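Hi there,

Here is the structure I promised to pass on to you. Please have a look at it first, and then read my notes below.

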Amino acid sequence: FFLTAMIAPIRRSAAFRGVRSLVHEAARTLDLTSRADMAGVDLDVEYTKLHFADQTVHAGTHAMPGFLGELGEMKLSKPLIVTDQGIAGLGILQQTVKALESAGMAPAVFDKCEPNPGITDIIGIAKAFLDNKCDSIIGFGGGGPLDAAKGGATLVAHKKLNSGFHLENEEDTCEFMDSEARRFVAYVNDNLSDMQKVTPPIIAIPTTSGTGSDGGKSAVICDRNGVKVVFGHPILMPKAVALLPNLTVGMPARLTAATGIDAMFHCLEAYMVPTVTMMERDGMSEAEIAYCDAFAIAGIRHVCRSLPTAVSIPTDLSARLNMQIAALYGAKAFRKGDLGGVHASAHALGAHYHWHHGECIARMAVPVLSYSEEQPGFANAAKIRAESLADLICVNSETNDRKERLSMCVEDLLSQFCDDGLLTMGVPETKGDAQLLETLSKAAAADGCQTNPVPLSQEDYFSIFTRASSM
């Protein structure tokens with residue numbers, strides 16, 4: 001159950017090359033570059049390699065040799081590992097460093113990343129990268145370190161392209177976040193050929209199963225005012241990913257449940273984005289939408305089948321791997337749209353109470369879904385999609401009326417974790433506080449996650465938060 005068992009056979013000699021060859025031959029490879037019809041298959045708990053058009057994912061308890069082999073093929077020799085103090089205090093970081101060293105690399109470590117990384121974090125990462133003459137960045141941990149790795153890589157590239165940019169001057173980085181980061185796609189495209197040359201390769205080894213940052217091209221970094229800035233471009237997609245279920249065994253039950261629900265709602269809200277919106281607004285084709293939808297369905301199925309087991313039997317490596325895959329697929333799914341009202345209201349809630357994002361998702365899921373289902377616009381295509389998800393999620397089939405409403409099926413699923421005291425539905429803390437409800441509603445309406453199946457105004461969010469306060 002430990003990483004040492006996976007890296008024991010790894011050596012810098014011909015023996016290592018032999019092990020790597022055997023692992024590659026034994027691996028099942030899924031080609032997901034353009035079709036997602038294989039996304040729903042169960043993976044071999046030991047090793048499966050997943051090929052996407054823009055990255056390769058090595059998944060399983062014995063995935064480390066194949067993962068290290070790919071880093072060798074990329075000719076990486078001096079990676080910077082970005083992580084946080086919590087991870088740094090665990091043996092898994094030291095074991096990973098040894099694994100990289102045994103494959104001929106000389107990693108440096110930046111372990112001061114905050115859970116919600118900001119200006120100071122990405123400056124520190126960029127300085128550590130340049131001071132240690134690194135050639136790549138490995139995000140190792142939860143969503144914070146993975147996003148920070150992308151932010152640090154961005155700052156390194158910006159520094160190399162702008163001689164007048166000074167890392168020692170925090171104001172320079174603040175200005176970058178206020179300007180170029182907020183128009184990042186245009187910024188990169190304006191300098192694309194140069195950016196491709198100077199942006200360090202980004203690698204990901206997630207130790208949680210929620211954000212999906214390992215499978216996405218975006219990052220979230222707090223600006224000088226603590227406001228979260230979302231920026232992304234294909235250039236920030238991690239090129240190689242290791243999904244090692246052994247690394248998630250130590251996650252507490254509460255964190256396992258919260259991150260799992262976050263992964264599920266990446267899939268669910270992406271699936272519920274109206275097709276016409278994506279065709280007309282973003283110019284997506286039917287094939288591109290179907291590709292995202294297939295990952296959404298597969299991710300939800302993995303969560304429904306494996307999250308209860310991962311919570312109750314934390315050493316079940318098959319369940320742990322399925323949750324890592326669900327988080328990865330969530331990132332692939334929400335390339336379609338900007339998510340919806342559950343995320344928008346959860347962001348508002350998290351900013352006020354500083355609760356874990358997954359817990360905020362659990363609190364707001366049923367109020368948002370039930371309110372949306374009652375709106376006149378929730379019909380036709382949205383209703384059909386909701387019913388298909390209800391059939392997939394429903395854990396209580398005693399009454400047909402519950403299966404007819406997605407919100408009720410989600411409530412039944414969440415109840416499994418609420419009954420154990422791991423999660424909470426609703427926000428009773430806000431009951432009777434009209435001013436706070438107004439503040440939360442305003443923040444939710446201003447959030448970027450607004451590709452809802454029905455449009456939600458500030459007044460709608462006020463009704464939703466009022467509903468949540470009475471649960």
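Let's start with Thr 56, which sits in strand 3 (residues 56-59); please keep in mind that the whole model is predicted. Is Thr 56 buried or exposed? Its relative accessible area is 12%, and because buried means under 20%, Thr 56 counts as buried. Setting aside residues up to four places away in sequence, Thr 56 touches Lys 49, Leu 50, His 51, Glu 70, Lys 239, Ala 240 and Val 241.

Some of those contacts lead us to the strand next door. Strand 2 (residues 48-51) pairs with strand 3 in the antiparallel sense, over four bridges. In that pairing, Thr 48 stands opposite Ala 59 of strand 3.

Now follow the sheet outwards. It is an open sheet of eight strands with mixed pairing, in the order 1-2-3-10-7-6-4-5. Which strands stand at the edges? They are strand 1 (28-31) and strand 5 (108-113); each has a single partner strand, so one side of each has no neighbour in the sheet. On average, and ignoring direction, neighbouring strands are turned by 20° against each other.

Strand 6 (136-141) is a good place to see parallel pairing. Strand 4 (79-84) and strand 6 pair in the parallel sense over four bridges, and Ile 81 has Ile 138 of strand 6 as its bridge partner. Five bridges join strand 6 to strand 7, again running parallel, with Phe 140 opposite Ile 205 of strand 7. How many residues of strand 6 are buried? Six of the six are, so strand 6 is largely enclosed by the rest of the structure.

Helices lie across these strands too. Helix 3 (residues 64-73) lies across strand 3, strand 7 (202-206) and strand 10 (240-243), and runs at about 165° to strand 10. Helix 7 (residues 143-161) lies across strand 4, strand 5, strand 6 and strand 7, running at about 165° to strand 6.

Next, the nonpolar cores. The largest has 85 residues, and those with the most contacts inside it are Leu 50, Leu 268, Tyr 329, Ile 393 and Val 410. Leu 50 is also one of the residues that Thr 56 touches. Tyr 329, leaving out neighbours within four places in sequence, is in contact with residues including Leu 32, Leu 50, Phe 52, Cys 267 and Phe 295. Apart from this core lies another, of 38 residues, among them Ala 128, Cys 134, Ala 157 and Val 188.

Do also look at helix 15 (residues 341-353). Its 13 residues reach 18 Å from the first C-alpha to the last, close to the 18 Å expected at 1.5 Å a residue. Its buried residues include Gly 341, Val 342, His 343, Leu 349 and Gly 350. What covers the buried residues of helix 15? The cover includes helix 11 (253-272), helix 16 (357-373), helix 20 (434-446) and helix 21 (458-469). Just after helix 15, His 354 takes a positive phi of about 60°.

Finally, step back to the whole chain. The protein chain has 21 helices and 10 strands. Its radius of gyration is 22 Å, which agrees with the value near 23 Å for a compact globule of 471 residues. Buried residues make up 56% of the chain. Among contacts between residues at least 6 apart in sequence, 74% join residues at least 24 apart.

Enjoy exploring!

Best wishes

Conventions. Residues are numbered from 1 along each chain as its sequence is written. This is a predicted model: local features need pLDDT of at least 70, side-chain atom pairs count only at pLDDT 80 or more; totals for chains, interfaces and linings use all residues. Side-chain values use heavy atoms; hydrogens and water are left out. Helices (H or I, at least four residues) and strands (E, at least two) are DSSP runs, numbered from the N terminus. The expected span of a helix is 1.5 Å times one less than its number of residues. Buried means under 20% relative accessible area, exposed over 50%, partly exposed in between (1.4 Å probe, protein chains only). Contact means heavy atoms within 4.5 Å. A nonpolar core is a set of buried Ala, Val, Leu, Ile, Met, Phe, Trp, Tyr and Cys residues joined through side-chain atoms within 4.5 Å. Two strands pair if DSSP finds at least two bridges between them. Axes are lines fitted to C-alpha atoms, for helices over the stretch in contact, and angles run from 0 to 180 degrees between N-to-C directions. The radius of gyration is taken over C-alpha atoms; the globule rule is 2.2 Å times the number of residues to the power 0.38.
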